[in-house]
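Let's take a walk through this protein model and see how its pieces sit against one another. Have the 3D view open as you read.

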Amino acid sequence: MRLTALQTEDGQGPDSELVRRARLGDKRAFAAIVSRHGPALYRYAYRLLDEPGSVEDVLQETFIDAWRGLPSFRGESSLRTWLFTLTRHRVSRALRGRPARPPVDVAELRDRLADPLADPVHIQLGAGLLGALDTALRRLPTRQRSAWLLREIEDLSYEEIATVLGETSTVVRGLLERARAALATSLKEWR
């Protein structure tokens with residue numbers, strides 16, 4: 001299948017075209033934006049909040065903010081970066097005044113991720129590592145965790161992360177360095 005300049009594999013066009021159409025009130029274009037970027041925003045918000053109900057509320061509010069804010073979106077950053085920024089603001093509001101949560105139960109995590117056909121030893125090791133990583137991530141300060149998730153999970157550039165966090169690239173580098181050092185220390189038994 002040949003792709004035209006305005007069409008991507010999902011058949012909806014590049015973000016810039018979807019933004020242009022959504023600004024004109026095209027709800028299908030906005031739905032394509034939600035479909036395209038929603039899963040990454042969900043992963044990001046979930047790892048910071050870890051409450052499905054809260055995450056869904058945050059995402060709903062994020063996309064309401066996006067719909068309302070599209071007319072003023074100037075495209076100085078990518079749509080993806082802008083959406084992560086909106087999500088970060090909503091997550092920050094949700095976290096204010098909330099008590100710290102205990103780590104996820106490893107048995108629960110194992111049950112959610114287990115492949116019934118996989119090798120039981122690998123399941124056990126994988127669940128243990130994921131549980132340890134989850135615990136180590138929760139111990140990180142929110143800004144470090146946010147920077148790490150955006151870089152390592154969502155593959156944003158340092159400049160994009162700086163935009164999302166409202167920081168400089170130098171600050172992002174420092175946050176990532178401290179996060180990686182803390183995770184390496186916490187996960188040293190898994191090396």
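How many aromatic pairs does the structure hold? This is a predicted model, and the structure holds five aromatic pairs. A bit of background first: a pair of aromatic rings is described by the distance of the centres and the angle of the planes. Here are two of the pairs.

| Aromatic pair | Centre to centre | Angle between planes | Arrangement |
|---|---|---|---|
| Phe30 and Phe63 | 6.3 Å | 85° | edge-to-face |
| Tyr44 and Phe84 | 5.4 Å | 85° | edge-to-face |

What do these pairs link up? Phe30 belongs to helix H2 and Phe63 to helix H3, so their pair ties together parts that are 33 residues apart in sequence. Tyr44 is in helix H2 and Phe84 in helix H4, so this pair ties together parts that are 40 residues apart in sequence.

Are these rings buried or exposed? Phe30 and Phe63 are both buried. Tyr44 has a relative accessibility of 1%, under the 20% cut-off, so Tyr44 counts as buried. Phe84 also comes out at 1% relative accessibility and counts as buried. Phe30 and Phe63 have company too: together with Trp67, they form one aromatic cluster.

**Helix H3, side by side**

Now for the helix that carries Phe63. Helix H3 covers residues 52-69. With 18 residues at 1.5 Å a residue, H3 should span 26 Å, and its end C-alpha atoms are 25 Å apart, which agrees.

Which residues of H3 are buried? They are Val55, Val58, Leu59, Thr62, Phe63, Ala66 and Gly69. Seen down the axis of H3, these buried residues fall within an arc of 130°, so they line one face of the helix. Look at the spacing of the numbers, and a general rule helps: an α-helix has 3.6 residues a turn, so residues three or four places apart point the same way. What covers the buried residues of H3 includes helix H2 (27-49) and helix H4 (79-95).

Turn H3 around and you'll find the exposed residues Gln60 and Arg68 on the face away from its buried side. Gln60 has a relative accessible area of 53%, and exposed means over 50%, so Gln60 makes the cut. Gln60 and Gly38 are 22 residues apart in sequence, while their C-alpha atoms are 9.9 Å apart in space.

**A threonine in helix H4**

Thr87 sits in helix H4, and it is buried, with a relative accessible area of 0%. What lies 2.8 Å from a polar atom of its side chain? For Thr87, that is the backbone oxygen of Leu83. Leaving out residues up to four places away in sequence, Thr87 touches Leu41, Tyr44, Ala45, Val58 and Thr62. Val58 and Thr62 are also among the buried residues of H3.

**The nonpolar core**

Finally, zoom out. The largest nonpolar core has 46 residues, and those with the most contacts inside it are Ile33, Tyr44, Trp82, Leu83, Phe84, Leu150 and Leu165. Helices that each supply at least two residues of this core include H1 (15-23), H2, H3, H4 and H9 (169-186). Which helix gives the most to this core? H2 does, with 11 residues.

Phe84, which you met in the table, is worth another look. Not counting residues up to four places away in sequence, Phe84 touches Ala40, Leu41, Tyr44, Leu150, Glu154, Leu156 and Val164.

Terms used:
Residues are numbered from 1 along each chain as its sequence is written. This is a predicted model: local features need pLDDT of at least 70, side-chain atom pairs count only at pLDDT 80 or more; totals for chains, interfaces and linings use all residues. Side-chain values use heavy atoms; hydrogens and water are left out. Helices (H or I, at least four residues) and strands (E, at least two) are DSSP runs, numbered from the N terminus. Buried means under 20% relative accessible area, exposed over 50%, partly exposed in between (1.4 Å probe, protein chains only). The expected span of a helix is 1.5 Å times one less than its number of residues. The arc is that of the directions from the helix axis to the C-beta atoms. Contact means heavy atoms within 4.5 Å. Rings of Phe, Tyr and Trp (its six-membered ring) pair if their centres lie within 6.5 Å; planes under 30 degrees apart count as stacked, over 60 as edge-to-face and the rest as tilted. A polar contact is a pair of N or O atoms within 3.5 Å; within protein, one must be able to donate a hydrogen and the other to accept it, and residues adjacent in sequence count only if both atoms are side-chain atoms. A nonpolar core is a set of buried Ala, Val, Leu, Ile, Met, Phe, Trp, Tyr and Cys residues joined through side-chain atoms within 4.5 Å.
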